[in-house]
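Open the model in your viewer and keep the selection box ready. This tour goes from stop to stop and says what to select at each one.

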Amino acid sequence: MTYQAGWIHYTNVAPILDSLTLPAGVTAITGVPTQMNAALLSGEVDIANISAVEFIRHADVLEALPDFSVAVLGPVYSVNLFHTVPLERLRRVALTRQSAMSVALLEVLLAARGLSPALERAEGEAEDLLASGYDGVLRIGDSALREWYRVAGPLTPETTMTMLPHEGRGITVTDLAEEWFRLTGHPFVFAVWAYRRDNPPPPALVQAMREARRHGIGHLADVAARHARKLGLPERVVQHYLWNFRYHLEAPDRLGLHEFAAQAVPGHAPLRFGPQPEGERRHVLSASAGTLKP
Ligand SMILES: C=C(O[C@@H]1C=C(C(=O)O)C=C[C@H]1O)C(=O)O
């Protein structure tokens with residue numbers, strides 16, 4: 001019997017997945033978040049980096065690796081609401097079919113402001129949808145990062161990513177993770193690596209993932225350069241984008257995850273994590289030292 005992994009392969013997981021060598025007996029497929037969420041719950045795959053909200057909703061059957069996350073403290077750059085009117089005046093928002101997490105987060109953020117625009121599923125480029133009757137468009141992943149840069153860029157030698165504006169081309173970009181940070185002061189966890197509790201991953205797979213992550217974070221400038229070419233974005237943009245992620249589900253990330261769980265899925269079952277590995281944390285903070293280009 002092979003153990004089947006299902007990877008959401010956006011650029012933000014490249015520091016973990018790009019150099020991952022699957023051990024014998026493990027195979028992997030890839031897909032967008034909503035596909036992988038469903039594949040894990042149906043049993044088509046055995047482990048996946050799923051939307052954290054699906055992990056929370058199905059906490060009665062799922063468990064997550066204790067030290068893997070796709071999280072940020074502050075802006076994420078790739079989970080964006082593009083809008084042409086102030087948030088308070090939003091009437092119709094187009095959601096992406098790819099994402100469960102960003103939709104749940106948007107609902108929490110709108111509720112916190114007492115807002116309730118119509119939310120509809122619609123695919124396409126943000127700018128095209130904004131020109132066709134929507135006043136807000138929610139996008140995630142690589143296309144959202146590219147569309148963000150089209151609105152907020154270009155980056156010049158004098159500016160850094162955090163200095164770029166939140167508007168351009170008549171469009172405002174609200175970064176949902178940044179809004180979450182303003183609201184709670186916590187990191188936001190987008191994804192965790194989850195499996196059904198009665199079917200944990202083979203230790204060799206988890207070990208290989210930890211080694212791949214150590215290698216990826218240790219060679220972040222190379223990972224960024226490769227993906228910058230693929231995305232058609234400047235290297236500095238992709239390097240900052242990747243450097244900004246928190247991949248180790250540390251204590252602050254768990255606080256953020258629990259806060260989000262309480263707000264988005266009241267009454268959820270307790271969240272469960274596998275045992276924390278011995279010795280792993282020593283490598284976390286030093287991993288990217290000296291590897292970034294200024
Ligand atoms: C930050 C992101 O995280 C992803 C967003 C997800 C979602 O919206 O459901 C799921 C997995 C994450 O890796 C992104 O892709 O932009």
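A cavity here is a set of grid points, laid over the protein atoms alone, where a 1.4 Å probe fits but cannot get out; a residue lines the cavity if one of its atoms lies within 4 Å of a point. Keep in mind throughout that this model is predicted.

**Stop 1: the largest cavity**

How many cavities of 30 Å³ or more does a search of the whole structure find? The search finds four. Begin with the largest, which holds about 200 Å³ of space. Select Tyr10, Asn12, Pro33, Ile140 and Phe190. Of the 20 residues in the lining, these five lie nearest the cavity's centre.

Now colour strand 3 (47-51), helix 4 and strand 11. Each of these elements gives two or more residues to the lining of the largest cavity. Strand 3 gives the most, with three residues. Next, colour the lining by class. The split is 13 nonpolar, seven polar and no charged residues.

**Stop 2: the ligand**

Show the ligand. The space taken by the ligand is the largest cavity, the one you have just lined. Which elements give two or more residues to the shell around the ligand? They are helix 4 (101-112) and strand 11 (188-196).

There are 16 residues around the ligand. Select the nearest of them: Asn12, Ser51, Ser78, Ser99 and Gly141. Colour the whole shell by class, and you get 10 nonpolar, six polar and no charged residues.

Three distances deserve a closer look. Go to Asn12 first. A polar atom of the Asn12 side chain lies 3.0 Å from an oxygen atom of the ligand. Move on to Ser78. There, a side-chain N or O atom is 2.6 Å from a ligand oxygen. Finish at Ser99, where a side-chain N or O atom is 2.5 Å from an oxygen atom of the ligand.

How much of the ligand does the protein bury? Taken alone, the ligand exposes 390 Å², and the protein buries 100% of that.

**Stop 3: the second largest cavity**

Clear the selection and go to the second largest cavity. About 70 Å³ of space lies in it. Select the lining: Leu81, Leu87, Leu106, Leu109, Leu110, Arg113, Leu115, Thr174, Leu176 and Glu179. By class, this lining has seven nonpolar, one polar and two charged residues.

Helix 4 and helix 7 (176-184) each supply at least two residues here. Helix 4 gives the most, with three. You have met helix 4 before, in the lining of the largest cavity and in the shell around the ligand.

**Stop 4: two backbone details**

Switch to a backbone view. Most residues other than glycine have a negative phi, and most peptide bonds are trans. The next two selections depart from that.

Select Gly153 and Pro154. A cis peptide bond joins Gly153 and Pro154, with omega about 0 degrees. Where is Pro154? Look in the loop between helix 6 (141-152) and strand 9 (167-168).

Then select Arg169. Its phi is near 55 degrees, a positive value in a residue other than glycine. Arg169 lies in the loop between strand 9 and strand 10 (171-175).

Conventions: Residues are numbered from 1 along each chain as its sequence is written. This is a predicted model: local features need pLDDT of at least 70, side-chain atom pairs count only at pLDDT 80 or more; totals for chains, interfaces and linings use all residues. Side-chain values use heavy atoms; hydrogens and water are left out. A residue is near a molecule or strand if one of its heavy atoms lies within 4 Å of it. A polar contact is a pair of N or O atoms within 3.5 Å; within protein, one must be able to donate a hydrogen and the other to accept it, and residues adjacent in sequence count only if both atoms are side-chain atoms. Accessible areas come from the Shrake-Rupley method with a 1.4 Å probe; for residues, only the protein chains shown count as cover. On a 1 Å grid over the protein atoms alone, a cavity is a set of points where a 1.4 Å probe fits but cannot get out, and a pocket is an open set with protein on both sides within 12 Å along at least five of seven lines; lining residues have an atom within 4 Å of a point. A molecule sits in a cavity or pocket if more than half of its atoms lie within 2 Å of its grid points. Helices (H or I, at least four residues) and strands (E, at least two) are DSSP runs, numbered from the N terminus. Ala, Val, Leu, Ile, Met, Phe, Trp, Tyr, Cys and Pro count as nonpolar, Asp, Glu, Lys and Arg as charged, and the others, Gly among them, as polar. Grid points are joined across faces, edges and corners, and a volume is the space filled by probe spheres set on the points.
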